Amino acid sequence: MWDYTDKVKDHFLKPRNVGELEGANAIGESGSLSCGDALKLYLKVNENERIVDATFMTFGCASAVASSSALTEIIKGMTLDDAAKITNDDISDYLGGLPKAKMHCSVMGQSALKKAIADYRGIQILEKPGEIVCECFDVTDLEIIDAVKTNGLETTEDVTDYLKAGGGCGNCLERIEELIESVKAKG
């Protein structure tokens, strides 16, 4: 059993802002049903680029639901520029923390938000840059390197907790370890 904070439990048992948002003019999707967690984030943005409403639909665990719910609460009323600065740690912190193995749920929220902002601004996000390392969860070497640097990740388990990379078939674990070592070597 995961050790969830009371706030995580509250947002899971009584999620805020669930469902499709009528009149949404920005939508961002992240995750994959094949990996077990998926999020669709709906935003209603006014002419001043302020988020006036946000809702979500998610498929996943308690942390996925709670992170999605928290994200909608955090960003309501923000400008898109301010919302773009939201990190997965901001989502986790809002909830009083997430179990280490569930941090990927907050990463999924941050990713969906970035995609929704791009959608509103008419920016098409094309193919991910970098080389796919984890085919099960579509994670690239550049995403792993960034997560290691940004979050001080030190083990393949840490990377799996944040990105799910390595959490499927396991064929990429050796490559993930190489990437971690390369980041450490560059200091």
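This section describes two helices and several individual residues in a predicted model.

Helix H8 comprises residues 173–186, and its 14 residues reach 20 Å from the first C-alpha to the last, close to the 20 Å expected at 1.5 Å a residue. Four positions of H8 are buried, namely Ile176, Leu179, Ile180 and Val183. Viewed down the helix axis, these buried residues fall within an arc of 100°, so they line one face of H8. An α-helix has 3.6 residues a turn, so residues three or four places apart point the same way. On the other side of H8, Glu174 and Ala185 are exposed. The packing partners of the buried residues of H8 are strand S4 (132–134), helix H6 (141–151) and helix H7 (156–163). Just beyond the end of H8, Gly187 adopts a positive phi of about 60°.

Helix H7, one of the elements against which the buried residues of H8 pack, is itself mostly covered, with six of its eight residues buried. These buried residues are Asp158, Val159, Thr160, Asp161, Tyr162 and Leu163. The elements that cover them include helix H4 (88–94), helix H5 (103–120) and strand S5 (139–140), together with H6 and H8. A positive phi also follows this helix, since Lys164, just after H7, takes a value of about 70°.

In helix H2 (residues 62–75), two residues were examined, beginning with Ser68. At a relative accessibility of 2%, Ser68 lies under the 20% limit and therefore counts as buried. The side chain of Ser68 reaches the backbone oxygen of Ala64 at 2.8 Å, and, when neighbours within four places in sequence are set aside, Ser68 is in contact with Leu39, Phe56 and Thr58. Glu73 is likewise found in H2, but this residue is partly exposed, with a relative accessible area of 31%. Not counting residues up to four places away in sequence, Glu73 touches His11, Arg16, Asn17 and Tyr94. Of these partners, Arg16 is 57 residues from Glu73 in sequence, while the two C-alpha atoms are 7.5 Å apart in space. With Asn17, the side chain of Glu73 makes a polar contact, side chain to side chain, at 2.8 Å.

Asn17 itself is placed in the loop between H1 and S1, and it has a positive phi of about 60° although it is not a glycine. With a relative accessible area of 18%, Asn17 is buried, because this value is under 20%. Ala24 is found in the loop between helix H1 (6–13) and strand S1 (26–32) as well, but it is partly exposed, with a relative accessible area of 26%. Leaving aside neighbours within four places in sequence, the contacts of Ala24 are with Tyr42, Leu43 and Lys44. Ala24 and Tyr42 are separated by 18 residues in sequence, and their C-alpha atoms lie 5.8 Å apart.

A positive phi in a residue other than glycine is also found at Glu49, where the angle is near 60°. Glu49 is placed in the loop between strand S2 (37–45) and strand S3 (51–59), and at 26% relative accessibility it counts as partly exposed. The loop between S3 and H2 contains Gly60, which is partly exposed at 36% relative accessibility. Gly60 and Cys105 are 45 residues apart in sequence, with a C-alpha to C-alpha distance of 8.7 Å.

With regard to aromatic rings, the structure holds zero aromatic pairs. Tyr94, one of the residues touched by Glu73, nevertheless has Lys7 over the face of its ring, at 3.8 Å from the ring centre.

Methods
Residues numbered from 1 in each chain as written. Predicted model: local features only at pLDDT ≥ 70, side-chain atom pairs only at ≥ 80, totals over all residues. Heavy atoms only, no water. Expected span 1.5 Å × (residues − 1). Buried < 20%, exposed > 50% of the residue type's maximum accessible area, 1.4 Å probe, protein only. Arc of directions from axis to C-beta. Contact = heavy atoms within 4.5 Å. Phe/Tyr/Trp six-rings, centres within 6.5 Å; stacked < 30°, edge-to-face > 60°. Lys NZ or Arg CZ within 6 Å of the ring centre and 35° of its normal. Polar contact = N/O pair within 3.5 Å; in protein donor to acceptor, adjacent residues only side chain to side chain.
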